[in-house]
Amino acid sequence: MSNTSQSLPVGEEIFLLKMGEMVLKGLNRRTFEERLMGNARRRLEPYGKFRIYSRQSITYVEPKEAGCDLDGAFETLRRLFGAVGLSRAKACEKTPEAILETAKTYLRDDLMAARTFKVESKRSDKSFPMTSIQLSQFVGGELNEAFPHIQADMHTPEVVVHVEVRDFAAYVHANPTPGAGGLPVGVGGTAVSLLSGGIDSPVASWMMAKRGLALEMVHFFSYPYTSPEAKEKVLELARLLTPWCGRLTVHVVPFTEIQEELRRSCPESLFTLLMRRFMMRIAQRVAQRVGAHGLVTGESLGQVASQTMEAMAVTGQVVSLPIFRPVVGMDKEEIVRIARKIGTFETSILPYEDCCTVFTPRHPKTRPSLEEIQEAEAALDIDGLIETAMQGIERVVLHP
């Protein structure tokens with residue numbers, strides 16, 4: 001790795017990815033770094049060839065050839081879970097003069113547009129002849145001479161000139177851009193997320209991907225009660241998640257026969273709860289098929305009749321895998337705020353029906369007992385219905 005890293009072409013623009021909580025991972029830290037770099041390589045393939053390596057809590061992303069789409073690459077890296085901040089930086093020789101000249105030229109537009117600035121320096125290479133404070137004072141004083149219209153402001157500067165003296169080169173950049181944070185997708189294993197056409201489940205999926213889970217999506221489709229347009233809406237929601245989550249497979253489950261059998265054979269007040277128990281069973285079967293070890297739902301406590309504490313206990317009772325409910329304690333405003341941030345809100349509110357609204361009971365049971373639910377299910381061929389649904393699954397693979 002060292003030979004690759006030391007080939008950095010001084011004078012080229014590169015990206016610096018700052019790690020957050022990953023630096024606290026001790027002996028497992030390298031596993032997290034490798035996952036982050038692997039995810040970055042896959043995401044950057046459409047934008048050219050890049051050399052990616054980690055050193056001293058920084059992941060370096062260096063273009064290997066002319067013509068790389070740096071703007072597209074940077075925008076993609078903003079959605080890379082595991083990086084808490086990222087900067088477009090210029091590499092230069094590790095001398096005070098080279099650092100100053102790079103700051104004057106590379107950050108000229110930023111400095112010309114600002115009224116106040118300061119310089120922050122970090123010196124990882126302790127052989128560098130100046131301390132961090134001395135380097136900041138030198139660069140700051142010279143920049144003030146070169147750009148006399150700006151004043152030094154140590155508290156609320158418009159522009160912060162960052163200087164980092166590291167193993168292989170010095171790097172100059174302006175204010176870092178916030179990254180996606182969290183942990184690299186896949187480092188925590190794989191889970192199956194139940195994706196509807198609403199606001200909550202895409203947000204729940206995003207939140208669990210941020211905690212390092214790779215996701216397989218399951219959607220329940222009840223044609224002709226739900227339209228092909230409703231199905232396309234859900235696939236679009238999954239597409240909108242791929243810049244954050246990477247490649248996604250949506251398992252589209254035919255659910256019409258199950259819902260019609262429930263309507264024929266079960267009390268109306270229990271319909272939604274029985275339907276959700278079938279969903280959980282099928283999601284677990286999909287998880288077993290793909291090697292996933294958890295389920296993700298968009299349930300928020302008390303939001304609808306099927307999301308009371310008693311109802312969630314009943315629907316979760318049919319599976320043995322852990323169920324992650326990341327929005328369970330959030331109100332609708334908080335969920336909507338995240339949906340807007342990640343770009344799913346406008347699609348979620350498109351007026352297409354969802355299978356959860358098919359045959360909605362007039363008076364749904366909110367505090368069910370397990371005994372009455374199991375009594376209602378006794379009239380059903382549960383295994384046969386599930387097996388038929390599993391055989392009819394359509395798999396749709398979506399790429400960022």
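**Figure 1. Histidine 219 in its buried setting within the predicted model.** In this predicted model, histidine 219 has a relative accessible area of 5% and is therefore classed as buried, since that value falls under the 20% cut-off. The residue belongs to strand 11, which runs over residues 214-221. When neighbours within four places in sequence are set aside, the contacts of histidine 219 are with Leu195, Ser196, Val234, Val250, His251, Val252, Val253 and Asp354. For Leu195, the view also shows a polar approach, in which a polar atom of the histidine 219 side chain lies 2.9 Å from the backbone oxygen of leucine 195.

**Figure 2. Residues listed by UniProt under "binding site".** The unreviewed UniProt entry gives Leu194, Leu195, His219, Phe220, Arg276, Gly298 and Gln307 under this heading. From this set, His219 is part of the lining of the largest cavity. Leu195, which is also listed in the entry, is among the residues that histidine 219 contacts.

**Figure 3. The largest cavity and the residues around it.** Searching the whole structure yields 1 cavity of 30 Å³ or more, and the largest cavity holds about 50 Å³ of space. Two elements, strand 11 and helix 8 (228-245), each give two or more residues to the lining of the largest cavity. Helix 8 supplies the largest share, with 4 residues. The full lining consists of Gly197, His219, Phe221, Thr226, Ala230, Lys231, Lys233, Val234, Glu353, Asp354 and Cys355, and by class it comprises 4 nonpolar, 3 polar and 4 charged residues. Among these lining residues are Val234 and Asp354, both of which are also in contact with histidine 219.

**Figure 4. Glycine 298 in the loop that precedes helix 11.** Glycine 298, another of the positions in the UniProt "binding site" list from the unreviewed entry, is found in the loop between strand 13 (295-296) and helix 11 (309-316). Although it sits in a loop, glycine 298 counts as buried because its relative accessibility is 12%, which is under the 20% limit. Leaving aside residues within four places in sequence, glycine 298 contacts Asp200, Ser201, Ala204 and Val327.

**Figure 5. Leucine 274 in helix 10.** Leucine 274 is part of helix 10, which covers residues 271-290, and it counts as buried because its relative accessibility is 0%. Not counting residues up to four places away in sequence, leucine 274 touches Leu262, Cys266, Ile373, Ala376 and Glu377. Leucine 274 and valine 358 are 84 residues apart along the chain, and their C-alpha atoms are separated by 13 Å.

**Figure 6. The annotated THUMP domain and the protein that contains it.** The unreviewed UniProt entry carries the annotation "domain: THUMP" for residues 71-176. Across residues 71-176 the chain is 37% helix and 29% strand, with a separation of 15 Å between the end C-alpha atoms. The protein as a whole has 15 helices and 15 strands, and its C-alpha atoms fill a box of roughly 85 × 40 × 35 Å along the principal axes. Of the 400 residues in the protein, 53% are buried. Among the contacts between residues at least 6 apart in sequence, 80% join residues at least 24 apart.

Methods. Residues numbered from 1 in each chain as written. Predicted model: local features only at pLDDT ≥ 70, side-chain atom pairs only at ≥ 80, totals over all residues. Heavy atoms only, no water. UniProt positions renumbered as here; feature names shortened; annotations may be inferred. 1 Å grid on protein atoms, 1.4 Å probe; cavity = no way out; pocket = protein on both sides within 12 Å on 5 of 7 lines; lining within 4 Å. Buried < 20%, exposed > 50% of the residue type's maximum accessible area, 1.4 Å probe, protein only. Contact = heavy atoms within 4.5 Å. Polar contact = N/O pair within 3.5 Å; in protein donor to acceptor, adjacent residues only side chain to side chain. Points joined across faces, edges and corners; volume = space filled by probe spheres on them. Nonpolar A, V, L, I, M, F, W, Y, C, P; charged D, E, K, R; others polar.
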